[in-house]
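Below are some notes for a colleague who has not worked with this model before. Please read them with the sequence and the structure open.

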Amino acid sequence: MLEQQSLLNKIKKLTVIGATVASCWLTQTTRILALPQEVILEKLKPIPVFTIADSQGAPLIASTEDNNRVAGVFISEKDANSFVERLKQDNPDLGKQVQVVPVSLAEVYQLSEKNSQQQDGVEFAYVPSSQQIEQAQQLNNQYQGGVPLFVAKAGEDQGYLTIKQNDQEVIPFFFEKQQVQQLVENFKKAQPDLANSVQIEVVILEGMLDAMKQGDDEMLTRIVLWPSKESLEFLRSNTPQ
């Protein structure tokens, strides 16, 4: 198991090998840095997240000991709904005034960047799926919090496994361990000689977002955040036919 490092440091040190494998393969890459904001927003736009807001659409805000104003952003709609149900029990007057509101991760990121320039701007705290926290802890006992993302690597040089999307090789970072596990199983069937070299690594969404802001490198354009199965079902259910 790799030692826990910042996402940016891990990305900068990675190299990969070329080995075409049916619909997934390992690609040759160079040092990865970061992206312009408009490209970051395009990557985050497909990911739904869930906030708790009042009837006017204003987010529910908590104050920290340092007097910072913080709003929670749930990765899982189920977790957001559970929070509202608990709030109705613990604080009925407040609970009946709030609701779960879906927004894109791009909207939250953009607002967070804007608020960071203001002295009293609201901070956003990402609330990871409780189930995926357990999966991350099982994979890496040095995981200490944050929204876990799961990515697979293989080969002597531990290159990222990629998939083909819109005729381009992309590196998927999954919000669910079960999803990356399926990619791994497909890879092992196609490349049994590399099966024993496969590892699933945990990185942190918050670290990924920070890394995206540090510079500019073409390779980072190939990283794709893959919505969870729950999020995909939400998108299907809320997209007009």
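**Notes on the model**

1. Phe174 is buried, with a relative accessible area of 5%; buried means under 20% relative accessible area, exposed over 50%, and partly exposed in between (1.4 Å probe, protein chains only). Trp226 counts as partly exposed, because its relative accessibility is 24%. These two residues return in point 5.

2. On the basis of the notes: this is a predicted model, in which local features need pLDDT of at least 70 and side-chain atom pairs count only at pLDDT 80 or more, while totals for chains, interfaces and linings use all residues. Residues are numbered from 1 along each chain as its sequence is written, and side-chain values use heavy atoms, with hydrogens and water left out.

3. The chain as a whole: it has 241 residues, and 46% of them count as buried. Its secondary structure comes to nine helices and 11 strands; helices (H or I, at least four residues) and strands (E, at least two) are DSSP runs, numbered from the N terminus. Among contacts with a separation of 6 or more, 72% join residues 24 or more positions apart; contact means heavy atoms within 4.5 Å. The chain exposes about 13,100 Å², and carbon and sulfur atoms supply 45% of that area (Shrake-Rupley method with a 1.4 Å probe; for residues, only the protein chains shown count as cover).

4. The cores: the largest nonpolar core has 32 residues, and those with the most contacts inside it are Leu44, Leu105, Leu149, Phe173, Phe175, Leu205 and Leu225. The elements giving two or more residues to this core include helix H2 (37-44), helix H5 (105-115), strand E7 (148-154), strand E9 (168-174) and strand E11 (223-226). A second, separate core of 20 residues includes Ala136, Val180, Val202 and Val224. A nonpolar core here is a set of buried Ala, Val, Leu, Ile, Met, Phe, Trp, Tyr and Cys residues joined through side-chain atoms within 4.5 Å.

5. Aromatic pairs: the count comes to four. Rings of Phe, Tyr and Trp (its six-membered ring) pair if their centres lie within 6.5 Å; planes under 30 degrees apart count as stacked, over 60 as edge-to-face and the rest as tilted. How far apart are the ring centres of Phe174 and Trp226? They are 5.8 Å apart and the planes are at 50°, so the pair is tilted. Phe174 belongs to strand E9 and Trp226 to strand E11, so that this pair links distant parts of the chain, 52 residues apart.

6. Leu225 and Leu105: Leu225 lies in strand E11 and is buried, with a relative accessible area of 5%. Not counting residues up to four places away in sequence, Leu225 touches Leu44, Ile47, Leu105, Leu149, Phe173, Phe175 and Leu205. The C-alpha atoms of Leu225 and Val170 are separated by 9.9 Å, with their positions 55 residues apart along the chain. Leu105, again leaving aside neighbours within four places, is in contact with Leu44, Ile47, Val49, Tyr126, Leu205 and Leu225.

7. Helix packing: H2 and H5 pack at an angle of about 145°, with their axes 7 Å apart. Axes are lines fitted to C-alpha atoms, for helices over the stretch in contact, and angles run from 0 to 180 degrees between N-to-C directions. H2 contributes Gln37, Ile40, Leu41 and Leu44, while H5 contributes Leu105, Ala106, Tyr109, Gln110 and Glu113.

8. Val184 and Ser231: Val184 lies in helix H7 (residues 177-190) and counts as buried at 2% relative accessibility. Beyond residues up to four places away in sequence, Val184 touches Ala152, Val198 and Ile200. Ser231 is in helix H9 (residues 229-237) and is buried, at 5% relative accessible area. With neighbours within four places left aside, Ser231 is in contact with Pro48 and Ile75.

9. Two loop residues: Gln158 is in the loop between E7 and strand E8 (159-165). Gln158 has a positive phi of about 50° although it is not a glycine, and is buried, with a relative accessible area of 16%. Is Gln144, by the same measure, buried or exposed? Gln144 is exposed, with a relative accessible area of 78%, and is found in the loop between helix H6 (130-139) and E7.
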